[in-house]
Amino acid sequence: MSLIVVADPLQASGVAILRGSGAEVREVAADERPRLPELLAEADALVVRSMTKVTAELLRAGRRLKVVGRAGVGVDNVDVEAATAMGVLVVNAPTANLLSATEHTFALLLALARNVPAADASLKGGAWERGRFQGTELQGKRLGIVGFGRIGQQVAERARAFGMEVAAYDPFLDPAVATRQRVELLPLDELLARADVVTLHTPLTDQTRNLLDSGHLQAMKRGALLVNCARGGLVDEAALLELLDAGHLGGAALDVFAEEPPRDLALIRHPKVVATPHLGAQTLEAQERIATETAEMVLKALAGSLAVAAVNLPFRPAGAEGEPYLALGERLGSLAAQLLAAAPSRLRVDTWGVEEELRAPVAVAALKGTLARQLGETVNYVNAAALAESRALELVHAAHSLAGDYPHLVRVRLDGRSGERVELEGALFGRGDPRVVRFGGYRLEFRPEGRLLVLENRDVPGVVGNLGTILGAAGINIADIHLARRDHHGEALAVLRIDQEPPAELLRRIGEMPEVRSVRLVHLPPLPELATPRGEGGDE
């Protein structure tokens, strides 16, 4: 049974999903927070919001920790680099507050453009000052969106409903996306100079910190409005205050701040500023989605699924349809490592018919399978590359444009330090069913799972019969058997799936049979139920 520690308050719906999985869930009370490192000692997963700082020290306290679930979009309070080094997967709920953040952007923009907070305060104070609160319309104004991801695109769609012209700055955006969204893609300086309203929708990174510094703020159109519902730290707040005082900017609407809660209230109290205390995700609907999506992501991650919103995988999440490819790559790597007598020095992974976004994941999966022979559960998709580098295991992967023998084919070639080599090929059959289809120079087909006895022998009569007799006498049942021969070489290969574990003495006896060149026992876990690969239809 997994132990999941919920360190920060989480909606009841999310906690119910965690408990419904059969896991033990420990919700940390306020007076228990100082004991959090102790409570994490046996935990498999940690769920936090923004209150708990997931530091390297805290991660080290979780000796069994596999997953950190951040209930929200950002992971500013999680040491992702330390988690990666320790092989801990970090997941979040990246789309849960999309609509709430979009709507709050317009709530702030409209409040700023029409002086709503000041007018409300004035009227409640007994005054009637219509002339004092003259605002501005959004119709016909140009909106400049900095960061054109999911929220930025939702903002653009609603801005057009207000009759606004929309431009965007995003150095990572495919121009085709901007064209489909009917948005003008501009360099940052040009966007700032031309926009009547600038809204920020980009994450906070080392590259985006103080993205709107003094120079960029001065480059904004005189009288322009600035909205930030994304992340504190994107704007140089001291420079913003100066330009508001100078009258260069018409106003700012801020939901996020470099320090939260802010101790210096000079910017917040400025008459041209509308401010809210980080309310972008504070709707009933968003909180429900955040809790449920995070809980589901944590459970999927604990189950080994890569169809999760992970922030520290060395590749984009593969999704459910990509899991058969990863299962194939991992099984081939594990099988090759168990067949290689020497320590591995180089792993080469070649793919045919595998979509571009899945090629790197398949290579990492093969690497994970290779390392698991020595490292067991300590290796995962997060830390496989770092562990390989520390062990001087080189990973090479290549994709081929020409068609292979199968629609989806993966080849794994593992070289040992003594010059030994194992080469395997695998393919996906039917509804994402991984199969080994080539073993060195042998063509054969078998599912890479279970207890496999791999036998290389001289191609002479009686070998399989004698082997069956020996196994039967020892009470070992053969579940299935796969045979192949190399023409003109007098050599053959047998792969037997057996139900019972053979003792070492029995393997020694089989290896001493005069016709047998080698015998090896391989263990692979059962294959999970997998989704249909992309491009293949299911049954009607």
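Helix α5 is largely enclosed by the rest of the structure in this predicted model, because twelve of its 16 residues are buried. The buried set opens with Leu98, Ser100, Ala101 and Thr102, continues through His104, Thr105, Phe106, Leu108 and Leu109, and ends with Ala111, Leu112 and Ala113. The helix covers residues 98-113, and from its first C-alpha to its last it reaches 23 Å, close to the 22 Å expected at 1.5 Å a residue. After α5 comes Asn115, a residue with a positive phi near 55°.

One of the neighbours of α5 is helix α7, formed by residues 150-161. The two axes come within 9 Å and cross at roughly 50°, an angle that falls outside the ranges for parallel, perpendicular and antiparallel pairs, and α5 and α7 are therefore oblique to each other. Their crossing is right-handed. On the α5 side, the contact is made by Leu98, Leu99, Ala101, Thr102, Thr105 and Phe106; on the α7 side, Arg150, Ile151, Gln154, Val155, Arg158 and Ala159 take part. Sorted by class, the residues of this contact are seven nonpolar, three polar and two charged. Several of the α5 residues named here also belong to the buried set, including Leu98, Ala101, Thr102, Thr105 and Phe106.

A second helix pair is found further along the chain, where α16 (residues 463-473) packs with α17 (residues 504-511). Here the angle is about 160° and the axes are 11 Å apart. Since angles over 145 degrees count as roughly antiparallel, that makes α16 roughly antiparallel to α17. As α16 passes α17, the crossing is right-handed. Leu467, Ile470 and Leu471 from α16 meet Leu506, Arg509 and Ile510 from α17. The contact comprises five nonpolar residues, one charged residue and no polar ones.

At the level of the whole protein, the model holds 17 helices and 22 strands. Along the principal axes, the C-alpha atoms fill a box of roughly 105 × 55 × 50 Å. Of the 540 residues, 50% are buried. Among contacts with a separation of 6 or more, 63% join residues 24 or more positions apart.

Individual residues add some local detail to this picture. Ala178 sits in helix α8, which runs over residues 175-180, and is buried, with a relative accessible area of 2%. Beyond its neighbours within four places in sequence, Ala178 is in contact with Leu173, Val183 and Leu185. Leu267 lies 89 residues from Ala178 along the chain, and the C-alpha atoms of the two are separated by 34 Å.

Arg222 belongs to the loop between α10 and β10, the latter being residues 225-228. With a relative accessibility of 58%, Arg222 counts as exposed. Even so, Arg222 touches Ala246, Gly247 and His248 when residues up to four places away in sequence are not counted. For the last of these, His248, the C-alpha lies 5.2 Å from that of Arg222, with their positions 26 residues apart along the chain.

Some backbone features in the loops are also worth a look. Most residues other than glycine have a negative phi, and most peptide bonds are trans. Asn210 has a positive phi of about 55° although it is not a glycine. This residue is placed in the loop between β9 (197-200) and α10 (214-219), and is partly exposed, with a relative accessible area of 36%. His278, likewise not a glycine, also has a positive phi of about 55°. The loop that carries His278 runs between β12 and α12 (284-302), and at 32% relative accessibility this histidine counts as partly exposed.

A cis peptide bond links Glu260 to Pro261, with omega near -5°. Pro261 is part of the loop that connects β11 (251-254) with β12 (273-275).

Key:
Residues numbered from 1 in each chain as written. Predicted model: local features only at pLDDT ≥ 70, side-chain atom pairs only at ≥ 80, totals over all residues. Heavy atoms only, no water. Helix = DSSP H or I, 4+ residues; strand = E, 2+ residues; numbered from the N terminus. Expected span 1.5 Å × (residues − 1). Buried < 20%, exposed > 50% of the residue type's maximum accessible area, 1.4 Å probe, protein only. Axes fitted to C-alpha atoms, helices over the stretch in contact; angles between N-to-C directions. Parallel < 35°, antiparallel > 145°, perpendicular 65-115°, else oblique. Left-handed = near helix turned anticlockwise from the far one by under 90°. Contact = heavy atoms within 4.5 Å. Nonpolar A, V, L, I, M, F, W, Y, C, P; charged D, E, K, R; others polar.
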